[in-house]
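Reader: I should like to request a close look at one part of the structure below. Kindly set that part in the context of the rest of the model afterwards.

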Amino acid sequence: MTGIYDNPEMIGVFIDEMEEQLLLLEESILELERCGENPDIIQKIFRAAHTLKGSSSAMGFEKMKILTHEMENVLDKIRNHRLKATNPVINVLFQCLDHLRLLKDDFLTDRKDIRTDISTVLDGLKRILSEEPDPDKISDCSKDMAVESMVQETAQEDQTMNFMLDLEQQIQIEQAAISGLNIFVCEIRLAQDSVMKSARAYLLLNYFNQLGTVVQVEPNILEDGDDLIKNAINYLVITQMDGKTIEAKVINELMEVESVKVYPYHWNISNQQPLADVTVKSKDGGNENPKAVDTERKVNHTVRVDVERLEKMMDLIGELVIERTRITQVGNVLHERYAADNTIEDLIGIANQVSRVTNELQEIVLKTRMLPIKQLFGRFPRLVRDLAQTLDKEVELIVEGEETELDKTIIEDIADPLIHLIRNAVDHGIETPEERSRLGKSPTGTLKISAFHQENHIIITVQDDGRGIDLERVKETAVKKQIITPQEAASLNEHEIIALIFRSGFSTSIAVSDVSGRGVGMDVVKSHVDKLNGIIEVETRKGEGTKFIIKLPLTLAILTGLLVKISDETYALPLSNVIEIVRMPEKEIKTVKGQAIAVIRDKVLPLVWLHDHFNVPRKENAKNIFIVVLGVAEKRLGLVVDELLGNQEIVVKPMGSYIGKVEIFSGATILGDGSVACILDVAGVAKTVGNKRVIGADDDLLYQWHLNSRE
Amino acid sequence: MNELSDNQYVVFEIADGKYAIKISDVYEIIKMKKITVIHNSKPFLEGVINLRGKIVPIVNLHKRLEIENYTLTKTTRVIILKSRDEMVGVIVDKVNQVTGFSDIQPPPEAVAGIDGNYFDGLGISGESVIGILKIEKVLYE
């Protein structure tokens, strides 16, 4: 049985859409909770639910259709002020969202077997629906709404339709009013039995456009379907005619119109208020609104592309980059050989041109893989809300730099570490409201997550204003868990103590809570960041908070590498890990406790000969040796190489699953001459060679070295 | 065993023995290229090559089957196999021909001193008997 349901492309589009709409739903429900009832937000939620309903029913995904349909009913009631968006209602909406997610997951695993039970949440929705609103509540509700959204409407509460206008439309109306035109709200009720209401509404729109200019229509008939037009349709019209004439004309000239009411539109300061309101909100970090308008406009110019196609494109560009390098090399060889030949000059010229174009192409393709980090950050408000609720804490989340773009694969891989850091911050960092008040802090803790670009890197920070890391306790725990000895503990400086939290087997939380401390500690966070060639740093001040700074490369696919030779084999080192390159007479190398060290700028570096690990001979009788100083987080080590070949853009290629994971290599690349070079994974190298402790080794070694030199 | 005997096989030599691989497992046959050694990996992995922009691992069959190591000659070839959606190359001393077998017998306990488990069977064509390698076993176990 093949039909539309089994068409993989359709399914792909559907899944993408589901994800998008679910994210939108989550955002808007959170906004609803934070900002209170605002017709714009309700409309957003409604639209997302409606889209989901439409697409799921097209895919024959019954359960999702039913659930979204029920959600629509509830939302419709809220929209018509027959139901107040109280906390229980919002909680049910969140439950709906969770169930929709579960349904989506089911759909992804096996679309023929949707297991998630939606009956409880459906009951919840129905219970809300059946709660008959009593008249008092309604006025309450609208009053609340008025207060919360700062729209001060008074007399015509029942009568005046409140249009959400953007700036352009507001200006349009203002100008119309100045030039003496009438601005009317035409409230039309269509006959109950009218079929194709949206078509009818559209005809009306055209009709009004003949009489004047329609600024806006509520509900939006162009976007929403028939079922939205259950009640009145309101047209905001700028016209020269007076209200009575319009009313008469509509009744006489149009069919299937049950009633028509035309009244002047009370446009005043209050109608602009929502805009001002938005700007206020944006200071709180919830600045989705203006951007949402932006993205909606942008959406029209995008195309969905299969990720695999992008990867393939990336591969091909990679090959092109390699060939480009080869052309240049061959050109240079030819130039040396036949210096007099002009054709070779041409060839070199062409090679340069090709290389320029390739560079540009590479940049563009890299950009297509970039996504705004909003995709990931969008999940956090909900996460923080739930965490704060479970832990009885008050947390204000500030998100900055959502539009910062980075490679899609990195976004996926950094999600877990970030979630872990956020959990930690809310669970261990931020204190309970009582404790905070006692300490003279505001009872609401602040959690700030930001992202921004810095040169070729992206910096992500997670910062809380909680209690900070207790260094003494860290030391105690590390000793207790036998990560370090008491003697070592005494000699550690602040920096080194903080570094301890990234050691495996470390977790300061005494009680294993539901939220964090499930055995997955900071070491996992660090190894994730390491894997992405990133660096993680911590700044903490007792009582004032903690800040985690993660520095990541923008992309993993192409990196600048330093090519070196070890024996006669060529290896590439990610330049981001290279701190400096030093040439040093061999006799200046000292040995302490069997570990070779070099002193560079008064710092002691452990030296590593990969030769020994590769079973290739060390270079003999060299006067000077080259030391590449490598850094991963706080660790520093000196890699002894035989030759330096220079910097080059290298395309990272996986070694493939047959070879599997080799700890010291992160992949391979193809060099200009067509041969393969392995890319050294600096973190892996440090781990392989330094089974001894490398953190804190510096001081110890330095001390030993001083002793030795005195002898 | 009918299914086996209907197939075509690539016959090649390692040391002095003749072996065969099902042609449907073979992606292509290339001349020896520069191999980059991957240290600290599987013992019988010779290294990797660049096959038109792809990194392809190369297995040393001599080491794998515990035969005396190969010496590079004019006839040395790399047979690129396609297995588990990945390409893996094996080094052979010579590629002889593509052939079918009139009959295929189950493998004995050992074939020319090599563990019988490495074989799918013995292919018989006319006078000669050729061991058919079990790719899955040779490459992965």
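Does Ala425(A) count as buried or exposed, and how many C-beta neighbours does Ala425(A) have inside 10 Å?

Author: The model is a predicted one, and what follows should be read accordingly. Ala425(A) counts as buried, because 27 C-beta neighbours lie inside 10 Å, where 20 or more are required for that class. The residue belongs to helix H16 of chain A, which runs over residues 408-429. If residues up to four places away in sequence are set aside, Ala425(A) touches Ile430(A), Leu447(A), Val462(A), Asp464(A) and Gly466(A). One of these contacts, Val462(A), is 37 residues away in sequence from Ala425(A), yet the two C-alpha atoms are 8.3 Å apart in space.

The chain around this residue may be described next. Chain A has 711 residues, of which 32% count as buried. Its secondary structure amounts to 24 helices and 22 strands. Among its contacts between residues at least 6 apart in sequence, 69% join residues at least 24 apart.

Two further helices of chain A show how buried residues are arranged. Helix H8 of chain A, residues 197-211, contains 15 residues and spans 21 Å from its first C-alpha to its last, close to the 21 Å expected at 1.5 Å a residue. Its buried residues are Lys197(A), Arg200(A), Ala201(A), Leu204(A) and Phe208(A). Viewed down the axis of H8(A), these buried residues fall within an arc of 100°, so they line one face of the helix. The general background is that an α-helix has 3.6 residues a turn, so residues three or four places apart point the same way. The other side of H8(A) carries the exposed residues Ala199(A), Asn206(A) and Gln210(A). The partners of the buried residues of H8(A) are three strands of chain A: E1 (182-190), E2 (212-218) and E3 (233-239).

Helix H23 of chain A, residues 682-689, offers a second case, with Val682(A), Ala683(A), Val685(A) and Ala686(A) buried. Down the axis of H23(A), its buried residues fall within an arc of 160°, so they too line one face of the helix. They pack against helix H21 (522-531) and against several strands of chain A, including E13 (569-574), E17 (603-608) and E22 (676-680).

Chain B enters the picture through its contact with chain A. There, 16 residues of chain B are in contact with 20 residues of chain A. On the chain B side, the elements giving two or more residues are strands E4 (45-51), E5 (54-59) and E7 (86-92). Of the elements on that side, E4(B) gives the most, with four residues. The residues of chain B that touch chain A divide into eight nonpolar, six polar and two charged.

Chain B also holds an open sheet of six strands, ordered E8-E1-E2-E13-E12-E9, with mixed pairing. Strands E8 (94-100) and E9 (103-105) of chain B stand at the edges with a single partner strand each, so one side of each is left without a neighbour in the sheet. From one strand to the next, the twist averages 35°. Within this sheet, strand E2 (residues 17-22) of chain B pairs with strand E13 (residues 128-133) of chain B in the parallel sense over two bridges. Ala20(B) has Ile132(B) in E13(B) as its bridge partner.

Conventions:
Residues are numbered from 1 along each chain as its sequence is written. Chains are lettered from A and ligands numbered from 1 in the order in which they are written. This is a predicted model: local features need pLDDT of at least 70, side-chain atom pairs count only at pLDDT 80 or more; totals for chains, interfaces and linings use all residues. Two residues are in contact if their C-beta atoms, placed from the backbone, lie within 7 Å. Ala, Val, Leu, Ile, Met, Phe, Trp, Tyr, Cys and Pro count as nonpolar, Asp, Glu, Lys and Arg as charged, and the others, Gly among them, as polar. The expected span of a helix is 1.5 Å times one less than its number of residues. A residue is buried if 20 or more other C-beta atoms lie within 10 Å of its own, exposed if 12 or fewer, and partly exposed in between; C-beta atoms are placed from the backbone. The arc is that of the directions from the helix axis to the C-beta atoms. Two strands pair if DSSP finds at least two bridges between them. Axes are lines fitted to C-alpha atoms, for helices over the stretch in contact, and angles run from 0 to 180 degrees between N-to-C directions.
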